[in-house]
Amino acid sequence: METDKNSQVNVVRNYQRYLKLQRGFSAHTLEAYQRDLQKLLAYLEREGKDIYEVALDDLQHFAATLHDIGIHPRSQCRILSGVRSFFRFMQMDGYRDDDPSELLENPVLGDHLPEVLSAEEVDMLEESIDLSKWEGQRNRAIIEVLFSCGLRVSELVNLKLSNIYKEEQYVRIMGKGSKERLVPISPKALKELENWFYDRNLMKVKPGEEDYVFLNRRGAHLTRTMILIMIKQQAALAGITKTISPHTLRHSFATALLEGGADLRAIQAMLGHESIGTTEIYTHIDMSTLRQEILEHHPRNIKKR
């Protein structure tokens, strides 16, 4: 079998084609997979090995280097997930007879629970917005839609007018892997959108951007970075000291549903999680809340006055 550098380049190119065409990954996800795979390829080049002769021991040493250079354990897990995906592809397409990553283990993670906001804190965010500014109502609608629908920030920036069903109170979302889902949208979120549309209709929209819900002052759709900066600035203005991002509102959406009694499978469907295991982190959040309630209110824990 040819094992020179050109052959390796072809394997990587075919892998990228597989991720795009068969797995349906977005350009952003493809870029992340490629970036992580390059870390492995650079390591193998330094070690004088190619992708056809890699063994489990090599991958374990690679994983150790990720730790040694200070990469966060969660980022290590993401990189190693991409490594497994690559070698599964090689075995599936006949480039290798085995999968050396099959027994590759992730680093141990602590129980890190994502930061969440209460409904009252979300209200504080929205009320701190200056509606006299042209972008004020837009930002208010963004925060409410993120919290009411639990969208990823990438899903929000790509939200289209044609995918909002006002009468049915649903929005159609194109999620990861080009998978569509219908998500209920609250009357409050629809009201905030209606108020934003009044301002939006007065704007000059760039050709090709007419169907995007959220626009910048130049009439083009927003980027993920713009949303992140806006959320952080608004949190500071609202006096919220938690470290938050647009994803915090997604976590807050899921946590509020669970605490309200929603079924975990229903939350999984609304978030667009492929695996129920991803959704189960919210049970840990709920249990931590329950534990605090028990500590504060159970008669055995209340000190006698």
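Right after helix α2 comes G48, a residue whose phi is positive, near 75°. That is a handy place to start a walk through this predicted model.

Stepping back from G48 into the helix itself, α2 covers residues 27-47, which makes 21 residues. From its first C-alpha to its last, α2 reaches 30 Å, close to the 30 Å expected at 1.5 Å a residue. Quite a few of its residues are tucked away from the surface: the buried ones are T29, L30, A32, D36, L37, L40, L41, Y43 and L44. Leucines turn up several times in that list, but D36 and T29 are buried too. When reading such a list, it helps to remember that an α-helix has 3.6 residues a turn, so residues three or four places apart point the same way.

Helix α1, made of residues 5-21, contains S7. This serine counts as buried because its relative accessible area is 9%, and the cut-off for being buried is under 20%. The S7 side chain has a partner as well: it makes a polar contact with the side chain of Y52, at 2.6 Å.

Another polar residue out of sight is E144, which sits in helix α6 (residues 136-149). With a relative accessible area of 4%, E144 falls under the 20% limit and is therefore buried. So who are its neighbours? Setting aside residues within four places in sequence, E144 is in contact with E126, S186, K188, A189 and E192. One of these contacts, E126, is itself a glutamate, while another, K188, is a lysine.

The residue that ends helix α6 is C149. Its relative accessible area is 0%, so C149 is buried. Another cysteine, C77, has a relative accessible area of 14% and is therefore buried as well. As for disulfides, the structure holds zero of them.

The strands come next. Three of them form an open sheet in the order β1-β2-β3, and the pairing is antiparallel. Its edges are β1 (164-165) and β3 (180-184), each of which pairs on one side only. Strand β2, spanning residues 170-174, pairs with β3 in the antiparallel sense over five bridges. Zooming in on that pairing, V171 has V183 as its bridge partner in β3.

Key. Residues are numbered from 1 along each chain as its sequence is written. This is a predicted model: local features need pLDDT of at least 70, side-chain atom pairs count only at pLDDT 80 or more; totals for chains, interfaces and linings use all residues. Side-chain values use heavy atoms; hydrogens and water are left out. Two strands pair if DSSP finds at least two bridges between them. Helices (H or I, at least four residues) and strands (E, at least two) are DSSP runs, numbered from the N terminus. A disulfide is a pair of cysteine sulfur atoms within 2.5 Å. Buried means under 20% relative accessible area, exposed over 50%, partly exposed in between (1.4 Å probe, protein chains only). Contact means heavy atoms within 4.5 Å. A polar contact is a pair of N or O atoms within 3.5 Å; within protein, one must be able to donate a hydrogen and the other to accept it, and residues adjacent in sequence count only if both atoms are side-chain atoms. The expected span of a helix is 1.5 Å times one less than its number of residues.
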